[in-house]
Amino acid sequence: MTVRRLVLHPLWLFLALPAYIGWRLLSGLSVGPAGICAGILLLIGCCLFMPLSMRTRALTNRKLADRLAWLGLTAMGFFSSLLVLTLLRDAVLLGAHLFLSNGQAQLWIGPSAQATLFLAIFVTLAGLIIARRKPGIVEINIPVADLPLALHGFSIAQISDVHVGPTIKRAFVEGIVRRVNDLQADLIAVTGDLVDGSVQQLSAHTAPLAGLMARHGAFFVTGNHEYYSGEPAWTEEIRRLGMHVLKNEHVVLKHDGASLVLAGVTDYSAHHFDPEQRSDPAAALLGAPANAGAKVLLAHQPSSAMAAADAGFDVQISGHTHGGQFWPWNLFIHFFQPFSSGLHRLKNLMVYVSRGTGYWGPPNRFGVPSEITRIRLVPATA
């Protein structure tokens with residue numbers, strides 16, 4: 001290994017972040033040598049279990065794998081919150097040294113360190129409770145120009161980003177199915193990132209999805225995590241569960257005499273895994289009736305919106321972003337996604353982005369609760 005590669009090795013960043021937290025935080029807590037040692041051990045534990053939690057799929061003992069994943073992913077959430085809060089604390093202390101006397105600024109060191117640790121623990125525990133509770137129902141009306149009377153109030157129940165895997169299991173999925181069926185929607189849309197693991201590992205936990213019921217059925221589009229988890233096998237399994245998988249294609253739904261075009265595209269990044277599955281909203285609309293009352297696209301990532309708008313869709317329904325998933329990352333997600341959550345307009349296209357029905361990685365949804373969405377199509381007003 002060259003000196004340049006050694007200096008730029010990611011291991012240094014991996015070691016530097018906990019070292020920075022320990023240096024900046026532990027000295028301000030006034031916990032004595034024993035407390036400093038305990039803090040160092042906690043940071044080392046986080047560093048050990050975080051990468052381990054991402055490599056548990058290979059373990060044959062699934063109970064052990066899931067316990068390690070729980071420990072490591074919870075540690076990941078705590079560490080990320082502690083890191084951001086430590087950075088914010090340093091910004092506050094810098095301001096104190098700039099605008100206050102040295103003596104006054106020194107008075108902020110101890111209380112700010114205690115507040116940082118308390119807030120990191122609170123965000124982790126509260127976020128865990130919020131993440132594990134039943135997803136709330138979010139009601140959204142999406143206006144569509146020239147919507148036929150028969151489609152006024154046409155309802156779509158959306159679930160997205162469930163991430164069935166190490167910490168989300170069958171019981172959680174059963175609860176989702178019950179809540180979705182209670183909505184009695186006209187159709188059900190599952191907009192990707194359903195799983196984190198192989199069919200062999202997770203089929204027993206996704207099995208309740210066979211119970212999804214709607215007048216026009218349930219439809220699925222792939223997310224990036226399906227490709228991480230073995231997309232061909234999952235496509236076959238999802239079809240076996242009774243869902244219609246849409247890959248750059250559409251169906252025409254007849255609803256009380258009106259026609260609705262429902263299209264779906266492969267994930268925005270699918271071509272990186274399979275060049276033949278490049279996401280293509282225009283291809284998904286080929287051959288669709290020009291006089292359809294509404295044209296709705298299911299696309300996992302909101303990044304598909306520009307192509308969807310150019311293709312002539314009225315509505316795009318997406319997920320992927322998790323709305324940032326938990327504070328303070330929800331404050332930064334806007335820099336990485338064209339639309340982070342909620343309803344948006346792009347040209348003549350209305351884009352709805354779900355915050356997600358489950359969670360990925362850390363079991364934490366502090367400030368960004370999960371959702372099951374009931375979307376209703378309504379006529380656009382002038």
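Reader: Why are H8 and H10 called roughly parallel to each other?

Author: In this predicted model, H8 and H10 pack at an angle of about 25°, with their axes 11 Å apart. Angles under 35 degrees count as roughly parallel, and the two helices are therefore placed in that class. The crossing of H8 and H10 is, in addition, right-handed.

Reader: How do you know that H8 meets H10, and which residues take part?

Author: Contact requires heavy atoms within 4.5 Å, and on the H8 side Val199, Leu202, Ser203 and Thr206 meet Ala233, Trp234 and Glu237 of H10. Sorted by class, this contact comprises 4 nonpolar, 2 polar and 1 charged residues.

Reader: What makes the largest nonpolar core a core, and which of its residues touch the most other members?

Author: Its members are buried nonpolar residues joined through side-chain atoms within 4.5 Å, where buried means under 20% relative accessible area. There are 30 residues in this core, and Val180, Leu194, Leu209, Leu212 and Met243 touch the most other members. Two or more residues each are given by strands S2 (155-159), S3 (187-190) and S4 (218-220), and by helices H7 (170-182), H8 (199-206) and H10 (231-240). H7 supplies the largest share, 5 residues.

Reader: Which residues are in contact with leucine 212, leaving aside its neighbours within four places in sequence?

Author: With those neighbours set aside, leucine 212 is in contact with Val177, Val180, Asn181, Ile188, Ala218 and Met243. Apart from the largest core lies another core, of 26 residues, which includes Ile142, Val144, Leu147 and Phe219.

Terms used:
Residues are numbered from 1 along each chain as its sequence is written. This is a predicted model: local features need pLDDT of at least 70, side-chain atom pairs count only at pLDDT 80 or more; totals for chains, interfaces and linings use all residues. Side-chain values use heavy atoms; hydrogens and water are left out. Buried means under 20% relative accessible area, exposed over 50%, partly exposed in between (1.4 Å probe, protein chains only). Helices (H or I, at least four residues) and strands (E, at least two) are DSSP runs, numbered from the N terminus. Axes are lines fitted to C-alpha atoms, for helices over the stretch in contact, and angles run from 0 to 180 degrees between N-to-C directions. Angles under 35 degrees count as roughly parallel, over 145 as roughly antiparallel, 65 to 115 as roughly perpendicular and the rest as oblique. A crossing is left-handed if the near helix is turned anticlockwise from the far one by less than a right angle, and right-handed if clockwise. Ala, Val, Leu, Ile, Met, Phe, Trp, Tyr, Cys and Pro count as nonpolar, Asp, Glu, Lys and Arg as charged, and the others, Gly among them, as polar.
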